[in-house]
Amino acid sequence: MTASGCVTVHGEREIVPAATEAEAAEALKDFTKSYNAAEAKADPAEDAGRVTGPFGAVKQASWKAGSIQKKDGAALKTPTPLKLSDVNYTIPKQAGWPRWFVTDSASNKFQDGSFRWVMVFTRDGIAEKWEASYLAFVKPGDMPEFKKDKDGFAEPVRADDPKLAVAPENLSKKYVSYLKGGGKGFADGSYTTDWLAERAKNEKRLGMATQYVDEPQNTGDFAPVGLRTKNGGAFAFFSTRHFEKRTASEGLNLRISDDVRALMKGDAKGAVTLEYAAGQAATVPLKGANGAQVQILNRVQGLTGAKGE
């Protein structure tokens with residue numbers, strides 16, 4: 001089941017704001033506190049109840065790798081605590097559960113102001129904690145204007161919205177299909193044409209054969225979400241999984257990083273398969289709009305597992 005604003009769950013049919021701005025601010029505060037604790041200690045348990053979806057998969061694996069390296073005696077770099085400011089809260093009206101909202105903030109990770117730190121927070125019930133499910137780094141000029149009602153609340157787009165060039169529930173599948181064979185539907189850029197060119201180059205690298213497998217993710221906390229923009233399109237988030245198998249030519253050794261080694265199962269004698277989770281943020285135009293191509297603004301991808309052979 002996708003987390004659209006028109007899903008009716010647990011018998012609740014009334015359309016209400018997903019949260020108050022005060023509740024959203026408290027959720028962001030709680031997230032930041034637990035995130036910084038997990039970063040400082042390299043301990044996934046510190047943030048286990050505050051992250052989920054693709055963002056949670058990436059960060060939990062990262063902290064797990066750090067904790068393993070720490071136990072092995074590695075001296076980890078002391079992280080700078082995350083600070084978020086100038087926060088905008090975009091809260092849609094929704095029926096049923098799950099419910100979600102979006103924040104975009106200035107971040108000390110980008111002190112030059114080059115990117116906004118954009119997150120989706122979600123929860124499955126009134127007694128549950130708000131968890132960050134998606135993170136994206138978006139240039140201020142790329143942040144869309146959202147359609148809002150007279151009370152300032154945003155409009156979620158349906159997962160199967162027929163008016164969009166690609167319905168949110170189909171974004172993951174369409175993107176995976178694009179990565180396999182190229183084609184139309186996605187605008188040129190870092191996460192489309194440039195990534196395909198990089199993959200093609202890696203596949204031909206001397207002494208190292210690289211194979212790629214991509215899979216859509218579309219359910220639960222990995223489901224797509226989207227907000228209606230002023231132009232009628234959508235600002236959407238969706239999830240994917242990626243596998244990259246590297247096989248060294250006979251006589252050559254694989255270079256295994258510390259992060260990969262910490263998460264790896266088996267012994268990489270001649271090959272290693274890397275598993276990644278990714279969350280994408282994209283603008284989706286109306287069907288028939290000029291160009292009508294999905295523009296992927298950012299992809300946050302991270303290693304979640306590895307297998308040596």
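User: What makes strand 8 (residues 225–228) and strand 9 count as a pair?

Analyst: Strand 8 and strand 9 are joined by four bridges in the antiparallel sense. Two strands pair if DSSP finds at least two bridges between them, so these two qualify. Strands are DSSP E runs of at least two residues, and helices are H or I runs of at least four, both numbered from the N terminus. The model is predicted: local features need pLDDT of at least 70, side-chain atom pairs count only at pLDDT 80 or more, and totals for chains, interfaces and linings use all residues. Residues are numbered from 1 along each chain as its sequence is written, and side-chain values use heavy atoms, with hydrogens and water left out.

User: Which residue stands opposite Arg228?

Analyst: Ala234 in strand 9 does. In the hairpin of strand 8 and strand 9, five residues lie between the strands, and Gly232 takes a positive phi near 95°.

User: Why is strand 9 (residues 234–248) called largely enclosed?

Analyst: Buried means under 20% relative accessible area, exposed over 50%, and partly exposed in between, with a 1.4 Å probe and protein chains only. In strand 9, 11 of the 15 residues are buried, so the rest of the structure largely encloses this strand.

User: How do you know that strand 9 pairs with strand 7 (residues 208–217) and strand 11 (residues 271–284)?

Analyst: Strand 7 and strand 9 run antiparallel and are joined by 10 bridges, with Pro216 opposite Thr240. Strand 9 and strand 11 also run antiparallel, with 14 bridges, and Thr247 stands opposite Ala271. Both counts satisfy the requirement of at least two bridges.
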